[in-house]
Amino acid sequence: MWPRIGGLRTLDLGTPGEMRTNLNTLVLAGVKTATAGLLTEYAGENEDLEHVGERLVLVDDHDALVAVVEVTGVEVVRFADVSWDFARSEGEGDRSIEEWREGHARFWARMGTPVTDDTDVVCVRFRLVSAGDGGIPTGDLST
């Protein structure tokens, strides 16, 4: 099960350190409005997919709240079928869908889960609701 803050699931992007810091900065700047995960990760953690309207707590390396985002779209597609529109919305500077696929394939292989064209990818789109706690009490971030 993924960690919760105030009853909300957390969203920890990338790997701890420079990568996570950079990705969080892109979210806070409004550049990164999507993220991709592997469907097998959800099953392995006994987690349901995100749903439209769900709020997630973006966290740093210490699981501290960085921001709150709201899910605006969720789609499960084959790795080979991830669209360029989605890849661009990840905001990570990829110049083509091929570059996106190469980078993500390398990342998941480093994480111990090599992907093929048929691997199911969860494509989650979101919008920034508030940076920091935005005045929202951490005991009830779901409102």
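How accessible is R78: buried, partly exposed or exposed? R78 is partly exposed, because its relative accessible area is 30%. That value comes from a predicted model, as does everything below.

## R78 and D118

R78 has an acidic partner. It forms a salt bridge with D118, and the closest N and O atoms are 2.8 Å apart. R78 sits in strand β5, while D118 lies in the loop between α4 (97-110) and β6, so the pair ties together parts that are 40 residues apart in sequence.

The partner is also accessible. D118 has a relative accessible area of 54%, so it counts as exposed.

## E70 and R127

Strands β5 and β6 also supply a salt bridge. E70 pairs with R127, with 3.0 Å between the closest N and O atoms. E70 belongs to strand β5 (residues 65-78) and R127 to strand β6, and the two are 57 residues apart.

Their surroundings can be stated by accessibility. E70 is buried, at 17% relative accessibility. The cut-off for buried is under 20%. R127 is partly exposed, with a relative accessible area of 40%.

## The N-terminal strands

Strand β1 covers residues 4-5 and strand β2 covers residues 8-11. They pair in the antiparallel sense, over two bridges. R4 stands opposite R9 in β2. The hairpin of β1 and β2 has two residues between the strands. There, G6 takes a positive phi near 55°.

Strand β2 has another partner. It runs parallel to strand β4 (residues 55-59), joined by two bridges. T10 has V57 as its bridge partner in β4.

## R9, E47 and their network

R9 is part of strand β2 and forms a salt bridge with E47. The closest N and O atoms of this pair are 3.1 Å apart. E47 lies in the loop between α2 (39-44) and β4. The pair links distant parts of the chain, 38 residues apart.

Both ends are buried. R9 has 7% relative accessibility. E47 has a relative accessible area of 9%. The pair is also part of a network of salt bridges that links R4, R9, E47 and E54. Across the model, the salt bridges number 14.

## C123 in strand β6

Which strand holds C123? C123 is found in strand β6, which spans residues 120-131. Is C123 buried or exposed? C123 counts as buried, because its relative accessibility is 4%.

What does C123 touch, leaving aside neighbours within four places in sequence? Its contacts are T35, G73, V74, E75, V77, V82 and F86. T40 can be placed by distance. C123 and T40 are 83 residues apart in sequence, and their C-alpha atoms are 13 Å apart in space.

## A nonpolar surface patch

Which residues form a nonpolar patch on the surface? They are L39, L49, V74 and V76. Together they have about 240 Å² of accessible area.

Two members can be placed further. L49 lies in the loop between α2 and β4. Its relative accessibility is 31%, so L49 counts as partly exposed. V74 also appears among the contacts of C123.

Conventions: Residues are numbered from 1 along each chain as its sequence is written. This is a predicted model: local features need pLDDT of at least 70, side-chain atom pairs count only at pLDDT 80 or more; totals for chains, interfaces and linings use all residues. Side-chain values use heavy atoms; hydrogens and water are left out. Two strands pair if DSSP finds at least two bridges between them. Helices (H or I, at least four residues) and strands (E, at least two) are DSSP runs, numbered from the N terminus. Buried means under 20% relative accessible area, exposed over 50%, partly exposed in between (1.4 Å probe, protein chains only). Contact means heavy atoms within 4.5 Å. A salt bridge is a side-chain nitrogen of Lys or Arg within 4 Å of a carboxyl oxygen of Asp or Glu. Patches are made of residues with over 30% relative accessible area and no salt bridge: like charges are joined within 9 Å, nonpolar side chains (Val, Leu, Ile, Met, Phe, Trp, Tyr) within 5 Å. Accessible areas come from the Shrake-Rupley method with a 1.4 Å probe; for residues, only the protein chains shown count as cover.
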